[in-house]
Amino acid sequence: MVKTNFNHGWVFCDVEEGQDAFAGAPQMTPVDLPHDAMAARERKPGIPGGAAAGQYENKNTLYEKHFSVPADCDAQQWWIEFEGVYANTSVFLNGNYLGGCHYGYTDFYLDAGESVVKGGENVLQVYTKTGMGMVSRWYTGDGIYRSVWLYSGPKTSLQPGSSRV
């Protein structure tokens, strides 16, 4: 399998609780990963968690990355690895739900094979849901705080991370 760094060329925005993150086009800010969405927010004394949470408010976030795959690409399997996303994550590729991870402190892999479009634009969206109040006893950060990798390979490839020596 070929492992490609997928950290550059993302955009993101905070999403208010109850707001449909995918309806309309919110104002998106260009970012490269890793990115701590919480660090850019205004500190608010008196919020749940207070000083232990760095006095930052938890919010939901939406990340988006546009990329293309050449039409003549030989790869038949596609996997996306997220080394760390905080938290309650849902991932979509070209509108198709790939999966997610509720826990914010572990890496996870998603099979993107059926959703990748060769010879056209692909849109990867990552939605985190931490805006429902206090979610931790300490500063957690928020968003895609570690690297993202795209794996591509032949049909007979092993899933990345599936074997250890």
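**Exercise 1. Determine how β7 and β8 pair and which residue of β8 stands opposite T89.**

Solution. β7 and β8 pair in the antiparallel sense over five bridges; strands are DSSP runs of E, at least two residues, numbered from the N terminus, and two strands pair if DSSP finds at least two bridges between them. T89 belongs to strand β7. Opposite T89, in β8, stands C101.

The model is predicted, so local features need pLDDT of at least 70 and side-chain atom pairs count only at pLDDT 80 or more, while totals for chains, interfaces and linings use all residues. Residues are numbered from 1 along each chain as its sequence is written, and side-chain values use heavy atoms, with hydrogens and water left out.

**Exercise 2. State whether T89 is buried or exposed, and list the residues that T89 touches.**

Solution. The relative accessible area of T89 is 3%. T89 is therefore buried (under 20% relative accessible area; exposed is over 50% and partly exposed in between, with a 1.4 Å probe and protein chains only). Not counting residues up to four places away in sequence, T89 touches G99, G100, C101, F108, V126, Y127 and T128; contact means heavy atoms within 4.5 Å.

**Exercise 3. Give the strand order of the open six-stranded sheet and identify the strands at its edges.**

Solution. The order is β3-β2-β4-β10-β7-β8, with antiparallel pairing. At the edges stand β3 (29–31) and β8, each with a single partner strand, so one side of each has no neighbour in the sheet.

Next, consider β4. With β2, β4 pairs in the antiparallel sense over six bridges, and N60 in β4 stands opposite V15. With β10, β4 pairs in the antiparallel sense over eight bridges, where T61 has T128 as its bridge partner. Seven of the nine residues of β4 are buried, so β4 is largely enclosed by the rest of the structure.

**Exercise 4. Describe the largest nonpolar core and the contacts of F82.**

Solution. A nonpolar core is a set of buried Ala, Val, Leu, Ile, Met, Phe, Trp, Tyr and Cys residues joined through side-chain atoms within 4.5 Å. The largest such core has 27 residues, of which W10, Y63 and F82 touch the most other members. Strands that each supply at least two residues include β2 (10–15), β4 (60–68) and β5 (77–82). The greatest contribution is that of β5, with three residues.

Leaving aside neighbours within four places in sequence, F82 is in contact with V91, T106, D107, F108, L110, V126, S147 and V148. Apart from this core lies another, of five residues, among them C13, V15, L62 and Y127.

How values were computed: Helix = DSSP H or I, 4+ residues; strand = E, 2+ residues; numbered from the N terminus.
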